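Biologist: Please take one part of this model and go through it closely, in a connected account, giving the cut-off behind each term where you use it.

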Amino acid sequence: MIEIETRKNAVSRAARLDAVFAALADPTRRAIIERLSRSEARVTEVAAPFDMSLNAVSKHIRVLEASGVVARHRKGRDHFLSINTRSLDEVDGWIGRTRRYWEERLDAMELLLGELRKDPKSGPKDRKRGAR
């Protein structure tokens, strides 16, 4: 039962990352996030600098909301948008883990290459014979 929950959490986490990366793939949505990084704003304020209809900008905002990157709240008739940093923190964590993974492997490769440069005859053993 615990294994099933772990898998569900991993799938859910992967789906959230996929949604955030898909939302960030569009330059208009990145510009919206950049604007919201300064402060929360009304939807009309966010839409103002774009050369597109309010409806088109609203579609971009809905994608950002669905991905969890942007949150909306109402004050009276006004709709305010802000960044949901938890979604971006998840992406930052994934990027950090991926960076560490590759840095470790590249460091190990660099060490191996350094050893090979010192003594080319003591290179990796012939893998066909089963030696490592």
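Modeller: Helices (H or I, at least four residues) and strands (E, at least two residues) are DSSP runs, numbered from the N terminus. The model is predicted, so local features need pLDDT of at least 70 and side-chain atom pairs count only at pLDDT 80 or more, while totals for chains, interfaces and linings use all residues. Residues are numbered from 1 along each chain as its sequence is written, and side-chain values use heavy atoms, with hydrogens and water left out.

The part I take is the sheet, followed by the helix that comes after it in the sequence. For orientation, the chain comes to 5 helices and 3 strands, and along the sequence they follow the pattern α-α-β-α-α-β-β-α. Of the 132 residues in the chain, 22% are buried, where buried means under 20% relative accessible area, exposed over 50%, and partly exposed in between (1.4 Å probe, protein chains only).

The strands form an open sheet of 3 strands in the order β1-β3-β2, with antiparallel pairing. Strands β1 and β2 stand at the edges and have a single partner strand each, so one side of each is left without a neighbour in the sheet. Pairing here requires that DSSP finds at least two bridges between two strands. Strand β1 (residues 41-42) meets β3 (residues 78-83) in the antiparallel sense over 2 bridges, and within this pairing R42 has F80 of β3 as its bridge partner. On the other side, β2 (residues 70-75) pairs with β3, again in the antiparallel sense, over 6 bridges. In that pairing V70 stands opposite I83 in β3, and R74 has H79 of β3 as its bridge partner. The hairpin of β2 and β3 has 2 residues between the strands, and in this hairpin G76 takes a positive phi near 65°.

From the sheet we pass to helix α5 (residues 85-118), in which T85 has its place. Although T85 and V70 are 15 residues apart along the chain, their C-alpha atoms are separated by 8.5 Å. With a relative accessible area of 48%, T85 is partly exposed.

Further along helix α5 lies R97, which counts as partly exposed because its relative accessibility is 44%. On the surface, R97 gathers with R13, R99 and R100 in a patch of positive charge, and helix α5 gives the largest share of that patch, 3 residues. Patches are made of residues with over 30% relative accessible area and no salt bridge, like charges being joined within 9 Å and nonpolar side chains (Val, Leu, Ile, Met, Phe, Trp, Tyr) within 5 Å. A salt bridge is a side-chain nitrogen of Lys or Arg within 4 Å of a carboxyl oxygen of Asp or Glu. Lys and Arg count as positive and Asp and Glu as negative, with His and the chain ends not counted, and each charge is placed at NZ of Lys, CZ of Arg, CG of Asp or CD of Glu.

Helix α5 also holds L106, which is partly exposed, with a relative accessible area of 49%. Together with Y101, W102, M109 and L113, L106 forms a nonpolar patch on the surface, for which the accessible area comes to about 520 Å². Such areas come from the Shrake-Rupley method with a 1.4 Å probe, and for residues only the protein chains shown count as cover.
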